[in-house]
Amino acid sequence: MFDDKLGCKKCNASPEPKTSRSTLPYEITRSLYESSHYAFWLCECRYCGTPWLEYFKEFIGWLDGDDKMYTSWMPLVEFELAEISRNFPQERGRESIPELQKYFGRRRTLVLDPKNSYHWDQPGINPLHLAVTGSP
Ligand SMILES: [Zn+2]
């Protein structure tokens with residue numbers, strides 16, 4: 001399950017800080033859910049074709065007025081892609097959020113943090129839990 005061999009060198013690289021989204025290898029193939037503070041997209045590595053799930057989350061800075069945006073990318077295995085394609089024949093409502101969040105944490109995940117730098121989270125860290133520590 002925790003297969004770090006998914007993808008190629010390009011989609012497993014660590015991008016330089018401030019690398020723009022458009023130069024990353026993850027090509028968005030379709031939107032699964034979009035709202036002002038959450039979004040999920042299916043992506044595909046433009047070099048090796050590996051499917052990736054992209055997750056955007058904005059935490060509202062109630063205290064300091066500073067909204068914090070995180071974006072995560074995790075490679076999908078075949079059965080997960082099939083499951084998502086089956087469960088999301090088109091965009092659905094807010095119930096999509098927990099349903100798609102549950103995929104994260106299964107394997108290493110690239111994270112773009114609010115300071116515009118990238119790092120890889122090890123399996124077991126689910127961005128869902130970031131919400132607990134990252135917001136009041
Ligand atoms: Zn790749």
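In strand β2, C45 is the bridge partner of Y26. The structure is a predicted model, in which local features need pLDDT of at least 70, side-chain atom pairs count only at pLDDT 80 or more, and totals for chains, interfaces and linings use all residues. Residues are numbered from 1 along each chain as its sequence is written. The Y26–C45 bridge belongs to the pairing of β1 with strand β2 (residues 38–45), which is antiparallel and spans seven bridges. Two strands are taken to pair if DSSP finds at least two bridges between them. Helices (H or I, at least four residues) and strands (E, at least two) are DSSP runs, numbered from the N terminus.

Moving on from this pair, β2 is joined to strand β3 (residues 51–59) by seven bridges, again in the antiparallel sense. Here C43 stands opposite W52 in β3. The hairpin of β2 and β3 has five residues between the strands, and one of its residues, G49, takes a positive phi near 80°. Strand β3 in turn runs antiparallel to strand β4 (residues 68–75), with eight bridges between them. In this pairing, E54 has W73 of β4 as its bridge partner.

These pairings are part of an open sheet of six strands, ordered β1-β2-β3-β4-β5-β6, with antiparallel pairing. Its edges are formed by β1 (26–34) and β6 (118–121), each of which pairs on one side only. On average, neighbouring strands of the sheet are turned by 25° against each other, direction ignored; the axes are lines fitted to C-alpha atoms, for helices over the stretch in contact, and angles run from 0 to 180 degrees between N-to-C directions. The protein as a whole has three helices alongside its six strands, and the pattern along the sequence is β-β-β-β-α-α-β-β-α.

On the edge strand β6 lies D121. This residue counts as partly exposed because it has 18 C-beta neighbours inside 10 Å; a residue is buried if 20 or more other C-beta atoms lie within 10 Å of its own, exposed if 12 or fewer, and partly exposed in between, with C-beta atoms placed from the backbone. Leaving aside residues up to four places away in sequence, D121 touches R108, T109 and V111, where contact requires the C-beta atoms of two residues, placed from the backbone, to lie within 7 Å. The C-alpha atoms of D121 and V111 are 6.9 Å apart, for residues ten apart in sequence.

Two further backbone positions deserve a look. Most residues other than glycine have a negative phi. K18, in the segment before β1, has a positive phi near 70°. With 10 other C-beta atoms within 10 Å, K18 is exposed. N116, placed in the loop between β5 (109–112) and β6, likewise has a positive phi, near 65°. N116 is exposed too, with 11 other C-beta atoms within 10 Å.

Over the whole protein of 136 residues, 25% count as buried. Among contacts with a separation of 6 or more, 53% are between residues 24 or more positions apart. The average pLDDT (the predictor's confidence in each residue, from 0 to 100) is 88, and 88% of the residues score at least 70. Over residues 131–136, however, the pLDDT is below 50, and this stretch has five contacts in the model beyond near neighbours in sequence.
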